[in-house]
Amino acid sequence: MERDSEIARLTRLFDEPFDGGMRIGVINGAVASGKTELLNAVSNNAVQRGIRLLGAVASAAEQEFPYAVVEQIARGARLDAGPNGQDPGPAGQDQVPLAVLQEVHRVLAGLAADAPLLITVDDVQYADPQSLRCLAYAVRRLGPDVTVMVTCGSRPCLGTTALDELLYQPRICQVRLGPLTVDGVTRLLAEELGPEAARRHAAACHAMTGGNPLLLHGLVDDHIGRRGGRHDTGADVGAPVPGELFRQAVLACVHRGGAAGRRAAHGIALLGDATSLSLLSDLVGLEERTAERAVTALTETGLLHEGRFRHDEVRAVLLEDLPAQELGPLRRRAAVLLHEEGADATDVARQLLSHDAAVPDEEWVSRVLREAAREALADDRMDFAVSCLQLAERASTDERERLVLRATLAQAMWRVKPLAQARQLQSLAEPARDGLLPPVQTLGVALGLMWAGRMEDAAAAIEQVSRVAAEDPGSEIDGELEVIGLTLASTYPGAPELKRFQERWFPHDTRGRLADQAAEAPRLTAMRALQTVLTVGADEHAVRAAERVLEHTRLGNTTVFTLRAALLTLIYADRLATATIWCDRILTESARRGTPAWLACFYAVRAGISLRVGRLTEAVGYAEQALEELPARGWGVGIGVPLSVLVSARTAMGRHDEAAELLSRPVPEALFQTRYGLHYLHARGMHQLATGRHHAALTDFRACGDQMPLWGLDTAAVVPWRLGAAQAWLALGDQEQAARLVERQLELLSPSQTRARGSALRVMAATRPLAERPALLQEAVGLLQDSGSWYGMARALADLAEVHKEAGDLPKSRLMTRWAWRMADGCGARELAQRLRPAPGRTAPSEPESAAGGAADTAAFATLTDAERRVASLAAAGHTNREIAAKLYITVSTVEQHLTRVYRKINISQRQDLPASLDRYVAHTA
């Protein structure tokens, strides 16, 4: 490929008029650039012209054997004459006996008398000096009857007296072979893979091989081998991928470059690049000039580009080519040289990590590994960071330093290997208690121990830091201890071992302190905001503080729980739409950065949001993803979060056996000393209530009610235990007790908590006479609709339908039933949906649509204007035309006109046929 001009130039040697001197052609080029192929092509042309060919291939292994090349030529001519046939006498590199020179001349002259000769020597730089002198002597005397053509390496193959004598001629024809261009690669690929595949993949193959024919053929042959045969010109064959034949081609290129080139290639593979020639030469023991020549040769060969290997597979095969006994010492030397040169800690660490035996027993090693781990943690290269910390701990000889490294390792492992973190924490419990760790590290260990349910060990660690803080009041440790106090008050309020620290470090004026946060750490702000909504309910100062934290805090190692606390603040304050937006953003970032523990944490938060807005199927999906990212045994007491969501959602869906199975799984005893335990008890109580075990349900709800006031968390924001208890009392026939509980729940709610207020009004309606129920339920439906609570709205509509039925208003009852069914079906409340499902042949079609709407509904709804959707939604909810006009500030006539157009567009004839799911489209448009 792309050698036509070179072939033409060399072929002209046979035709040019002889004007003295010798006919000599020299083919230069990098290793595997196609020199031999070109020599063979020119030789074939010569043979076709009637020229006699005598060829030899020189070898570095035979360079020390005198007359090796001449003997090959003689054997090719089937002659016995030559040095083999007589004693040549003494010979050295600079002298050949005259008798030998004359004999070679005689033999070649005899052959040339019959026909012109072409003598070829492949890799002439490896030819023995004696043969070169013999050829030079004979050819110079034979004149036009003999042409000599040789190949040699990429550099001009001169420098020895014998080679210069043969090739240093005034009219030498010298051609230099470069790599194939992209067009040449395209032509080669077209022959093997077809023109379409060649056009698509030529540029990538050229970039991978540098246009080196040997590498390119290896790449293509690998591809053909994987496909099981040659191309089908009409098929999409995909891009060639390096395989074993490509790897063999790489090794051939390197080993044919000589010992220096091979050593340089191995050194570059170890270092990753050849940007520092002094470093490379020191590493492999070459003179810098020799190393430079080797790098140039590797670049010309196509293996290197701008000092780096063109493909990772090249580096991999060269590292595998290094003998195991050499690899360790080379890695060690590379690490030392890089460190002495002031290289980046990450580059040094890679050498140390690549071979444990390469770790020098020197003080700087652990320091460099710690720095590399810090950089890796900042860049989310968690596996590398963990490996650095593990090796640093093994390399360190200082016991305190090793403990600090182990504590840092425990924190890092939580992101990628949460289950392994428990073992690290267990080994750190005693050192933390004994003050062998710095205070900040000790508190980090304490938090991990609390999460694992080891409250006594956590208390001992915090006590140690408390003593240090007492000796140095006003230090930064005070801020860390305040975070611990807030964490204990908000998450671990029931642990008796930790109670004294909660009282000592918990700032009770969190609500007032939220006003001034200009210079405060985001972690403190988020924890104070969370504690405020847990103790006093939906507080606007807390909500705004949480939103500021979310706006200005980037997800990272030290901010995960800060962001989680801010999200929980919004959730407990019933700002679910805002919480959804932020949580989805953080989940996307967590997924991008590949951190299973972070994903699990925020999937659990997202599941809680979905449960509160009544999207049951969605809640189950997120909770299951949380447990998939982090198995149950890695959650510690935090298992109460995803588990309570799953139990609550499956209970609401009517999947009671599955909920019961979840509740049968063992949970840590310490769970019930935490806020997570309240969610678990409430979920279990709702399951007991749904399956008819009313007294057992009441026991769980009362357990929440007993603990929450003692813990200072008795707000409707945490768990609505009063509503659960009220429903249990209603099931037991005590409406008065139920009414008192609901009234207290309503007193605790702020006007902004529309979802919670709507749920409470629904339960309150059940405690009132029939005449009072429609108004309460209608208000509940409106509040739940405004808050986007699907399951809550489905239950309120179902109750409203039943009330209308009892009052004798069957048309309105059917409308409410259908709407409730659609909401229940859409959110996954299968049991409620089956109970409400309309009978075929009445106002509903025989195969009702889901709440999300079928394809036909979607197309029809898309034709409605925003104004038509708003009117239709309110009409579907049961509002009169006058009520709709008042709500939307339009005339009754305008309402009627909108409804007429809606009926026509969605192909219905009466108000009762309006789909309840229209409200979802209106909300989406808004």
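**A walk from the shaky parts to the core**

Let's start with residues 841-855, where pLDDT (the predictor's confidence in each residue, from 0 to 100) stays under 50 and the model has 27 contacts beyond four places in sequence; a contact means heavy atoms within 4.5 Å. This is a predicted model, in which local features need pLDDT of at least 70, side-chain atom pairs count only at pLDDT 80 or more, and totals for chains, interfaces and linings use all residues. Residues are numbered from 1 along each chain as its sequence is written, and side-chain values use heavy atoms, with hydrogens and water left out.

Residues 920-926 also stay under 50, with 13 such contacts. Where pLDDT is low, the predicted coordinates should not be read in detail. Still, the protein chain averages 86, and 89% of the residues score at least 70.

Now look at strand 1, residues 23-29 (strands are DSSP runs of E, at least two residues, numbered from the N terminus). Seven of its seven residues are buried, meaning under 20% relative accessible area with a 1.4 Å probe, protein chains only. Strand 1 runs parallel to strand 4 (residues 146-152), with six bridges, and also to strand 5 (residues 173-177), with five; pairing takes at least two DSSP bridges. Val26 has Val150 as its partner in strand 4 and stands opposite Gln174 in strand 5.

Finally, the largest nonpolar core holds 161 residues, with Trp635 among those with the most contacts inside it. Such a core is a set of buried Ala, Val, Leu, Ile, Met, Phe, Trp, Tyr and Cys residues joined through side-chain atoms within 4.5 Å. Apart from it lies another core, of 79 residues, including Val31 and Leu330.

Note on methods. Buried < 20%, exposed > 50% of the residue type's maximum accessible area, 1.4 Å probe, protein only. Helix = DSSP H or I, 4+ residues; strand = E, 2+ residues; numbered from the N terminus.
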